[in-house]
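Thanks for sharing this one. Here are some notes from a colleague to read alongside the model.

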Amino acid sequence: MVADPGVTAVAYPNIALIKYWGKRDEHQAIPWADSLSITLDVFPTTTTVCLDSAAEADRVTFGGTPARGAASRRVAAFLDLVRKHAGRSESAVVSTRNAGPTGAGLASSASGFAALARAAVAAYGLELDAADLSRLARRGSGSAARSIFGGFALWHAGEDDHSSYAERVDVEFDPAVVIALVDGAPKRISSRAAMRRTVETSPLYRSWIESSRADLAEMTEALARNDLAVVGEIAERNALGMHATMLAARPAVRYLTAPTLGVLDSVAVLRSENVPAYATMDAGPNVKVLCRPGDADQVALRMRETVPCCSTVIARRGPGVTLRIEEER
Ligand code: DP6
């Protein structure tokens, strides 16, 4: 018997304009460098956590299907952290649903662990402020630290659990993000394993971290002055640099495919026609294109016309994690 009706949280994916790639402390999820992101208003994750004191173990479903193996252990390990914090011991029933593709480099682990953190904290009766919630979500998946916040968020790398958290960046900047979907299948290598291999074996890693720190300083200024061209240029070079470090890993990690390069070519052609559009890619072949909201339909159409397998979704800046507990009851 499930003892309580549970609490539900909704969180949205975020796309990093300055990337997080590589941890200095894997257990605590402390990254090597700060990162900065925009939370989107599409592809939310909705997660319900119910406590079940009679159950011996946690039960987890993804989109109605029971989770097994590593995915289920990762959720249980995260719930252990919450239980320890709350001084509680009940097992939980977790049902989670992604509106977008899972594990395809579209930040489903970011929205997933942000929603799980918020719902689990409420279910176990903890009261955390936004920074503490970000610290906790970080332990589930690093990028989830940023999905606690709407709009733009900066994750301070820090050096330990306390100093590594994200906070909101208060800027007006409100671009469109055209998601160019070329493949919705789950990736062959997890971002966790891929970033570990990059840190351990890529001779380019250290220099990318240094350039990323410099990119962040320039990016912060460009965001504050609403300068799409500079924000876009920095975001694109930062993402390409991250992928360059992966390509230099041994063995190479390659998420970019022929359709990805097709989208990148089309973005460059648009720029040559004076349409400001800039690409960023994460741990997968899909591309996100930053542009002016008024250009978004044209950008999306161009991607679909030039890359046959491409479908598009237009996103804008979205909200931080929310709890549905009041509405549900
Ligand atoms: C390429 O947050 O998925 O999207 O902390 O190991 O769970 P773990 O990794 P994850 O990595 C995301 C990496 C990225 C860049 C970014 O979001 O900053």
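The points below go from confidence to the ligand site and then to two individual residues.

1. Confidence. Please keep in mind that this is a predicted model. The protein chain has a mean pLDDT of 95, and 96% of its residues reach 70 or more. For the complex, the predictor reports an ipTM of 0.99 together with a pTM of 0.96.

2. The ligand shell. How many residues surround the ligand? There are 17, and the closest are Tyr20, Ser141, Gly142, Ser143 and Arg146. By class, the shell divides into six nonpolar, five polar and six charged residues. Helix α5, which spans residues 191–201, supplies the largest share of this shell, with three residues.

3. Polar pairs at the ligand. Three side chains deserve a look when you zoom in here. Ser143 places a polar side-chain atom 2.6 Å from an oxygen atom of the ligand. Arg146 has a polar side-chain atom 2.7 Å from a ligand oxygen atom. For Ser191, an N or O atom of the side chain is 3.0 Å from an oxygen atom of the ligand. As for cover, the ligand on its own has 460 Å² of accessible area, and the protein covers 94% of that.

4. Asn238. Is this residue buried or exposed? Asn238 has a relative accessible area of 0%, so it counts as buried, the cut-off being under 20%. Asn238 sits in helix α7, residues 228–247. The side chain of Asn238 makes a polar contact with the side chain of Ser212, at 3.0 Å. Leaving aside residues up to four places away in sequence, Asn238 touches Leu17, Ile18, Lys19, Trp208, Ser212 and Asp215. Ser212 therefore appears both as a polar partner and in the list of residues that a buried Asn238 touches.

5. Arg225. Where does this residue lie? Arg225 is in the loop between α6 (205–224) and α7. Its relative accessibility is 47%, and because exposed means over 50% and buried under 20%, Arg225 counts as partly exposed. A distance you may like to check on screen is the one to Glu172: the two residues are 53 apart in sequence, while their C-alpha atoms are 8.9 Å apart in space.

6. Where to look again. If you have time for a second pass, I would suggest the ligand site with Ser143, Arg146 and Ser191, and then the Asn238 to Ser212 side-chain pair.

Conventions:
Residues numbered from 1 in each chain as written. Predicted model: local features only at pLDDT ≥ 70, side-chain atom pairs only at ≥ 80, totals over all residues. Heavy atoms only, no water. pLDDT = per-residue confidence, 0-100. Helix = DSSP H or I, 4+ residues; strand = E, 2+ residues; numbered from the N terminus. Buried < 20%, exposed > 50% of the residue type's maximum accessible area, 1.4 Å probe, protein only. Polar contact = N/O pair within 3.5 Å; in protein donor to acceptor, adjacent residues only side chain to side chain. Contact = heavy atoms within 4.5 Å. Near = heavy atom within 4 Å. Areas by Shrake-Rupley, 256 points an atom, 1.4 Å probe, with all protein chains shown as cover. Nonpolar A, V, L, I, M, F, W, Y, C, P; charged D, E, K, R; others polar.
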